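Trainee: I would like to work through this model with you, step by step, before I write anything about it.
Mentor: Then let us have it in front of us and take your questions in turn.

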Amino acid sequence: MTVQSVLDEVRKRRGTGAVIPVIDPATEEQITEFTDCGQEAVDEAVARARASFEAGVWRGLPARERAKVLWRIADLMDQHAEEFAELDSLNTGMPMAQARMIVPTCAEFFRYYAGWCTKVNGNAYEVQMEGGVSGSFAEMHAYTLKEPYGVVGLIFPWNGPIFNACAKIAPALAAGCSSVVKPAEETPLSAVLLERIIAEAGVPDGVVNLLIGYGHTAGAALTAHPDVEKIAFTGSTEVGKQIVQASAGNLKKVMLELGGKSPVLIYDDADLNMAIMMASMGIFVHSGQGCVCGSRVFVQRGVYDQVVDGITTIANALQLGGPKEEGSGIGPLISQKQLTRVMGFIDEGKRDGVEVVTGGYRLDRPGYFVHPTVLTNVDRDMRLYQQEIFGPVVTILPFDDDDEAAALANDTTYGLAATAWTTNLSRAHRIAKRLHAGTVTLNSQLNFDHNVPFGGYKQSRWGHEFGREGIEAYLQTKSVWAQI
């Protein structure tokens, strides 16, 4: 399946709603379009998923057979790695080198969870209960079963289309669930190729059902559907709250990976060259469009000016451009809507007296490019300090000691990730305990491994992905009692 054939396939997706253009963010040109699927398509997809689950065509297979199919998906992804990279690069504007690095990680989700297929088990308990009708001891045996939820809705965002798709589909399949999958309307391309590969690998019809449409139409219909038992969503905190409300109809379970306003602490004893480089890439990579991007940097006062100068130097050295432009290291924002949002935060900050050390403007060229932006003299009550911007914008503030650093870092409604840079390992581990975040990295940033669970505190997450927790998120526990 070539890139052009995927674009043609997307164009053939005809629903009952509005026509949705797919725009190349690096050129602002339309690359294809499709029609919003509509309520009827959602109902049909859920019905197919329900029928496949009740029939047991997937969940009823021996675990080892499901594992073989997941492994075949990974192998097919490897075979089509260049197409996946081209599609996500075209769709999001990310550099091809970045897209090529992501695809092997995505394929590995299926191999990793293939290994978990045969390791899903409950626990056994020997129980002695005093009393009963005879008043004597009743010897009991109890055990638990781990069973798939059933029909799950998987909704993922535009900032990492194929990564987020695989992160949800792989554990859902390993658990034995049937699913309805909805990518962001801006980035449906790689999901269409993945749908083809999943079918080719041997996943039965009706087990994975792809819908493409708007979040406020198709996504809303899926989250409110009474025959969906669980929703797994990655996106903004605002939409996450709407999903929680929509789930109330049948009290479906909800797993949410939401926004972040991640702090980065740089102490005066840190390896400053490494800290400055990683703090810069930790916010400017993918134009800051990542939930774990370190958008708030706090620097111990003695090295504050040095860090501000270092991050500014890197911001000015980064070359922005489209995937086909030689030497480009950072791509555009995803859309005109996101560009307007990011520039709105920056312009508001300028009016409020923020110092723009560098950046703060859109590039004078086609595409949704914003120069990497460094802001100081930021008041902690400002909107750009408190809210997730999701762009290449970093605020840098000084601190004096651990107490102030922890207070600054935790002064947010989010709690997804946090970082500390210090060569004092005792201090590093002490501050890690004080940071209100689901993932804390010490002397490193942007870490990932399939085996390590990923979650958040406060308004950043419900539940965990990756690792053992990733498959358990799609399983429910049944307790069984038997008198001996």
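**Sheet, domains and a buried residue**

Mentor: Let us begin with a pair of strands in what is a predicted model: strand S10 (residues 263-266) and strand S11 (residues 296-300) run in the parallel sense and are joined over 4 bridges.

Trainee: Which residue in S11 is the bridge partner of valine 264?
Mentor: Strands S10 and S11 pair in the parallel sense, and valine 264 has its bridge partner in S11. That partner is valine 297.

Trainee: In what order do the 7 strands of the open sheet follow one another?
Mentor: The pairing in this sheet is mixed, and its edge strands, each pairing on one side only, are S12 (355-358) and S16 (439-442). The twist averages 25° from one strand to the next. Read across the sheet, the order is S12-S13-S14-S11-S10-S15-S16.

Trainee: What angle does the direction of helix H11 make with that of S14?
Mentor: Helix H11 (residues 304-317) packs on the sheet, where it touches S10, S11, S12, strand S13 (373-376) and strand S14 (393-399). Between the direction of the helix and that of S14 the angle is about 170°.

Trainee: How much area do domain 1 and domain 2 bury between them?
Mentor: The protein is divided into domain 1 (3-258 + 460-483) and domain 2 (263-442), and their centres, taken over C-alpha atoms, are separated by 31 Å. The contact takes 21 residues from domain 1 and 26 residues from domain 2. Of the buried area 58% is on carbon and sulfur atoms, and the total is about 1,900 Å².

Trainee: Which three residues supply 29% of the area that domain 1 buries against domain 2?
Mentor: No other three residues of domain 1 supply more of that area. They are Glu28, Trp158 and Ser460.

Trainee: What is the distance between the closest N and O atoms in the salt bridge of glutamate 28 with arginine 362?
Mentor: Across the interface of domain 1 and domain 2 the rule finds 1 salt bridge. For glutamate 28 and arginine 362, the cut-off to satisfy is 4 Å, and their closest N and O atoms are apart by 2.9 Å.

Trainee: Is isoleucine 73 buried or exposed?
Mentor: Isoleucine 73 is found in helix H3 (residues 63-79), and beyond residues up to four places away in sequence it touches Phe110, Leu173, Ile197, Ile198, Ala201 and Val203. Its relative accessible area is 0%. Because buried means under 20%, isoleucine 73 is buried.

Conventions: Residues are numbered from 1 along each chain as its sequence is written. This is a predicted model: local features need pLDDT of at least 70, side-chain atom pairs count only at pLDDT 80 or more; totals for chains, interfaces and linings use all residues. Side-chain values use heavy atoms; hydrogens and water are left out. Helices (H or I, at least four residues) and strands (E, at least two) are DSSP runs, numbered from the N terminus. Buried means under 20% relative accessible area, exposed over 50%, partly exposed in between (1.4 Å probe, protein chains only). Contact means heavy atoms within 4.5 Å. Two strands pair if DSSP finds at least two bridges between them. Axes are lines fitted to C-alpha atoms, for helices over the stretch in contact, and angles run from 0 to 180 degrees between N-to-C directions. Domain bounds come from an automatic or database domain assignment. Buried area is the accessible area (1.4 Å probe) that two parts lose on being put together, summed over both. A salt bridge is a side-chain nitrogen of Lys or Arg within 4 Å of a carboxyl oxygen of Asp or Glu.
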